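Let's take a walk through a protein together, starting with the whole fold and then stopping at a few chosen places. Keep the picture in view as you read.

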Amino acid sequence: MSAAFARPSSNLERVIALGKRDLRVQLSYHFGQLMQLLAIAMPIVTFFYVSQLVGDDSALGDYQGGYFEFVLIGLVATTLSTLGARLFSTMVAREQSEGTLDALLRTPTPLWVLLAGSTLWPLGFAALEIGVYLGVGAGALGAGFSASGLLLALPVALLTVAVFAAIGIFSAAFIVVTKRGEPLGPLVNAATSLFAGALFPVALLPGALQVVGRMLPSYYAIEGLREALLGAGTFASVADEIAILGVMAAVLLPLSVWTLSQALRWGRISGTLASF
């Protein structure tokens, strides 16, 4: 690993080098990539046929479109939140288990460069996954989305990844200290599906659980994406969600990076970075 940084290079080149390394590793597993693509397609078809069973859309009165469009946006939001939550924790767990984390951190590479470089492949694959959701949903199965809303959905999507990336960095810090599997990814996925409205409207939950749902960043991600792609398609319709996600990202990202830097400092002192 250290050989990739043996000669002086710009931080941008280092970010790209990390991204290329991850791309080469992932593309070497051809069967695994095929299975991942099939895994993307299966929920689309499943929920298309589930939507055929949902004859009464009265519970979706606050949303445009039917249940199929509703749940496809939920899948997109779940992909974004899960991506962010696992973005850095997966990288840290892999490097630590392979015994390369300590060597990587000893290179003259800032922490933010290592974090940024580890995002390129996951972000690229998530973009492909979302493209399949929307493309197959709209092109093959007839889901109706607002094309003009795609530009409005972009800042919501980016802020969603940023907020959950902070959660992922907290999770990475936990891994460094405890040398255990990342704890937040499955929890984020389950909470998004159950409480935040990915699969059914939050209004169907009991009052106390509705409050829980509205405390989750994924709730504002889902609402913002649905307003952009299924609603009025105006900036005013997504302004509140963008503002809330922006504040969350502004608070959580610096705090999470500081937490991870402290965890790495502790790991260096205790000598646990090189072992898992």
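What follows goes from the overall build to one pocket and then to four single residues.

Before anything else, keep in mind that this is a predicted model. How many helices and strands does the protein have? There are 11 helices and 0 strands. If you follow the chain from the N terminus, the order of elements therefore reads α-α-α-α-α-α-α-α-α-α-α.

Next, think about inside and outside. The protein has 276 residues, and 45% of them count as buried. Its accessible surface comes to about 13,200 Å², and carbon and sulfur atoms account for 68% of that surface. The contacts tell you how the chain comes together: take those between residues at least 6 apart in sequence, and 78% of them join residues at least 24 apart.

Now let's look for empty space. Rolling a probe the size of a water molecule over the atoms shows where such space is left. The second largest pocket has a volume of about 350 Å³. Which residues lie nearest its centre? They are L80, A127, I130, L154 and A157, and the lining of this pocket has 17 residues in total. Several helices share the work of building this lining: α3 (67-97), α6 (120-139), α7 (149-178) and α10 (217-230) each supply at least two residues. As for chemistry, the lining divides into 16 nonpolar residues, 1 polar residue and no charged ones.

One of those helices, α3, is a good place to zoom in. V76 lies in α3, and you can count V76 as buried because its relative accessibility is 5%, where buried means under 20%. Which residues does V76 touch, leaving out those up to four places away in sequence? The answer is I130, Y133, L134 and L225. You have already met I130 as one of the residues nearest the centre of the second largest pocket. Y133 is 57 residues away from V76 in sequence, yet the two C-alpha atoms are 7.2 Å apart in space.

S81 is also placed in helix α3. Is S81 buried or exposed? With 0% relative accessibility, S81 counts as buried. Setting aside neighbours within four places in sequence, S81 is in contact with T160, F164, V188 and T192.

Move on to helix α5 (residues 111-117), where you will find L114. L114 counts as buried too, because its relative accessibility is 4%. Look for F88 as well: F88 and L114 are 26 residues apart along the chain, and 9.4 Å separates their C-alpha atoms.

The last stop is T259, in helix α11 (residues 235-270). This residue has a relative accessible area of 23%, so T259 is partly exposed. Where does its side chain reach? The side chain of T259 reaches the backbone oxygen of L255 at 2.8 Å. Apart from residues up to four places away in sequence, T259 touches F170 and A173. For I169, the C-alpha distance to T259 is 8.1 Å, while 90 residues separate the two in sequence.

To look back: you have seen a protein with 11 helices and 0 strands, a pocket lining with no charged residues, and residues such as S81, which is buried, and T259, which is partly exposed.

Definitions and conventions. Residues numbered from 1 in each chain as written. Predicted model: local features only at pLDDT ≥ 70, side-chain atom pairs only at ≥ 80, totals over all residues. Heavy atoms only, no water. 1 Å grid on protein atoms, 1.4 Å probe; cavity = no way out; pocket = protein on both sides within 12 Å on 5 of 7 lines; lining within 4 Å. Points joined across faces, edges and corners; volume = space filled by probe spheres on them. Helix = DSSP H or I, 4+ residues; strand = E, 2+ residues; numbered from the N terminus. Nonpolar A, V, L, I, M, F, W, Y, C, P; charged D, E, K, R; others polar. Buried < 20%, exposed > 50% of the residue type's maximum accessible area, 1.4 Å probe, protein only. Contact = heavy atoms within 4.5 Å. Areas by Shrake-Rupley, 256 points an atom, 1.4 Å probe, with all protein chains shown as cover. Polar contact = N/O pair within 3.5 Å; in protein donor to acceptor, adjacent residues only side chain to side chain.
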